[in-house]
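Here is a friendly walk through a structure you may be seeing for the first time. Have the sequence and the 3D view at hand, and follow along heading by heading.

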Amino acid sequence: MAHRFPALTSEQKKELSEIAQRIVANGKGILAADESVGTMGNRLQRIKVENTEENRRQFREILFTVDNSINQSIGGVILFHETLYQKDSQGKLFRNILKEKGIVVGIKLDQGGAPLAGTNKETTIQGLDGLSERCAQYKKDGADFGKWRAVLRIDNQCPSNLAIQENANALARYASICQQNGLVPIVEPEVLPDGDHDMEHCQYVTEKVLAAVYKALNDHHVYLEGTLLKPNMVTAGHACTKKYMPEQVAMATVTALHRTVPAAVPGICFLSGGMSEEDATLNLNAINLCPLPKPWKLSFSYGRALQASALAAWGGKAANKKATQEAFMKRALANCQAAKGQYVHSGSSGAASTQSLFTACYSY
Ligand SMILES: O=P(O)(O)OC[C@@]1(O)O[C@H](CO)[C@@H](O)[C@@H]1O
């Protein structure tokens, strides 16, 4: 029997929906700069830079001190715990630098995978214990949204019903706790691109996963207007021999979303999932041009696809600051145009922007 006990006051709802709308207003998207120490290590290894706290800080300082006009294309930045408390070389907290630009500060809240015994190497995500206390502290420290990434794999017997249900429930529990503490939850159920499956199979799985997530969010009384979804685009597996055009990816993606995501959700910010920077932009543009009803903002929350050419331009050298900021600004602008369906490929992309950013089993 359903009971109705209010989960949030009207003031809390107003605050949450205003934060969510601000993040995705006018083609804005999210910079996912929330790589954990280990993940950042992989990124730095590619450019032969040592994974020290100071090197991580220096790269992020360059990104966050980019020209203020970045606030036309970036509405939110997701930070890792360490970065929320780091400062620029003048001693100013990164979070204050972002806020002064009018950018909403977010925080990664999931704490890595744990195996689901009896499945084909599937996982659930940890971090629910003590989450309410962590959220309350992060809110005090300036964060206004959170992120939780659940990972599902397409393989023999995967994703299992257990993995789908367990991850949907954890995402919903996390979302509920975030909202109780004034943080907009970014709900990220990522279906990984590993495998040789075709796009149609990815669409089938993505629909099953999203349907379970929205059932769980409803069960947990989550206020959808105060959430954002961060899904994978519907694409073929990385090892699939069949190639698809952005228009085909767009049609499959919007069809899956149209069937499963309520219109009350203000924004859907895709992850880039190992696509090259240019593919991530072209696909997002095609998604926004797709001739199906689209009641939500369709934008980006890219990690690799916003930072790859910036990282390559930086190479660990302070002298490359200008080139690094230009590379970052270029991708941010391109994705903002794509979020409005207005991106025109100039044909002058650098090598880094067309390079695949795929990492096998990108689990954390
Ligand atoms: O797929 P992308 O766009 O590179 O990154 C998506 C993402 O959720 O995955 C990473 C690992 O948790 C995070 O840093 C980032 O927010």
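## The largest pocket

In this predicted model, the lining of the largest pocket draws at least two residues from each of three elements: strand β7 (184-191), helix α9 (246-260) and helix α10 (277-289). The space inside the largest pocket comes to about 570 Å³. Its lining consists of 28 residues, and those closest to the centre are Thr235, Ala236, Met275, Asp279 and Asn283.

What is the make-up of this lining by class? Nonpolar and polar residues are there in equal number, twelve of each, and four charged residues complete the lining of the largest pocket.

## The second largest pocket

The second largest pocket holds about 420 Å³ of space. Its lining has 15 residues, and to find the centre you can look for Arg4, Phe5, Ala7, Lys13 and His221, which lie nearest to it.

Helix α8 (residues 199-219) gives the largest share of this lining, with three residues. Sorted by class, the lining of the second largest pocket has ten nonpolar residues, three polar ones and two charged ones.

## A cavity

Rolling a probe the size of a water molecule over the atoms shows where empty space is left. Across the whole structure, two cavities of 30 Å³ or more turn up. The second largest cavity has about 40 Å³ of space.

Which residues line the second largest cavity? They are Leu31, Leu63, Phe64, Val66, Ile70, Ile74, Val77, Leu98, Lys101, Ile103 and Phe328. Helix α3 and strand β2 (74-79) are the elements that contribute two or more residues to this lining. Ten of the lining residues are nonpolar, one is charged and none is polar.

## A pair of aromatic rings

Phe64, one of the residues lining that cavity, also takes part in an aromatic pair. There are four aromatic pairs in the structure. In the one formed by Phe64 and Phe94, the rings meet edge-to-face, with 5.2 Å from centre to centre and 85 degrees between the planes. Phe64 belongs to helix α3 (residues 53-64) and Phe94 to helix α5 (residues 94-100), so the pair links distant parts of the chain, 30 residues apart.

Are the two partners buried or exposed? Phe64 counts as buried because its relative accessible area is 2%, under the 20% cut-off. Phe94 is buried as well, with a value of 0%.

## Two glutamines in helices

Look next at Gln307 in helix α11 (residues 304-314). With a relative accessibility of 2%, Gln307 is buried. Setting aside residues up to four places away in sequence, Gln307 touches Leu31, Ala32, Ala33, Glu35, Phe59, Leu63 and Glu277. Two of these contacts, Leu31 and Leu63, also appear in the lining of the second largest cavity.

Gln325 sits in helix α12 (residues 321-338) and, at 15% relative accessibility, counts as buried. What does Gln325 touch beyond residues up to four places away in sequence? Its contacts there are Ile62, Thr65 and Val66. Gln325 and Thr65 are 260 residues apart in sequence, yet their C-alpha atoms are 8.4 Å apart in space. Their side chains make a polar contact at 3.3 Å.

## A buried asparagine

Asn167 is part of helix α7 (residues 161-180), and its relative accessibility of 1% makes it buried. A polar atom of the Asn167 side chain lies 2.9 Å from the backbone oxygen of Thr123.

Apart from neighbours within four places in sequence, Asn167 is in contact with Thr123, Thr124, Ile125, Ala150, Val151 and Leu152.

## Backbone details in the loops

Where is Pro159? It lies in the loop between strand β6 (145-152) and helix α7. The peptide bond from Cys158 to Pro159 is cis, with omega near -5 degrees. Gln157 is found in the loop between β6 and α7 too. Gln157 is not a glycine, but its phi is positive, near 65 degrees. Gln157 is exposed, with a relative accessible area of 66%.

Asn26 is another non-glycine residue with a positive phi, about 50 degrees. You can find Asn26 in the loop between helix α1 (10-23) and strand β1 (29-33). Asn26 counts as exposed, at 58% relative accessibility.

Methods. Residues are numbered from 1 along each chain as its sequence is written. This is a predicted model: local features need pLDDT of at least 70, side-chain atom pairs count only at pLDDT 80 or more; totals for chains, interfaces and linings use all residues. Side-chain values use heavy atoms; hydrogens and water are left out. On a 1 Å grid over the protein atoms alone, a cavity is a set of points where a 1.4 Å probe fits but cannot get out, and a pocket is an open set with protein on both sides within 12 Å along at least five of seven lines; lining residues have an atom within 4 Å of a point. Grid points are joined across faces, edges and corners, and a volume is the space filled by probe spheres set on the points. Helices (H or I, at least four residues) and strands (E, at least two) are DSSP runs, numbered from the N terminus. Ala, Val, Leu, Ile, Met, Phe, Trp, Tyr, Cys and Pro count as nonpolar, Asp, Glu, Lys and Arg as charged, and the others, Gly among them, as polar. Rings of Phe, Tyr and Trp (its six-membered ring) pair if their centres lie within 6.5 Å; planes under 30 degrees apart count as stacked, over 60 as edge-to-face and the rest as tilted. Buried means under 20% relative accessible area, exposed over 50%, partly exposed in between (1.4 Å probe, protein chains only). Contact means heavy atoms within 4.5 Å. A polar contact is a pair of N or O atoms within 3.5 Å; within protein, one must be able to donate a hydrogen and the other to accept it, and residues adjacent in sequence count only if both atoms are side-chain atoms.
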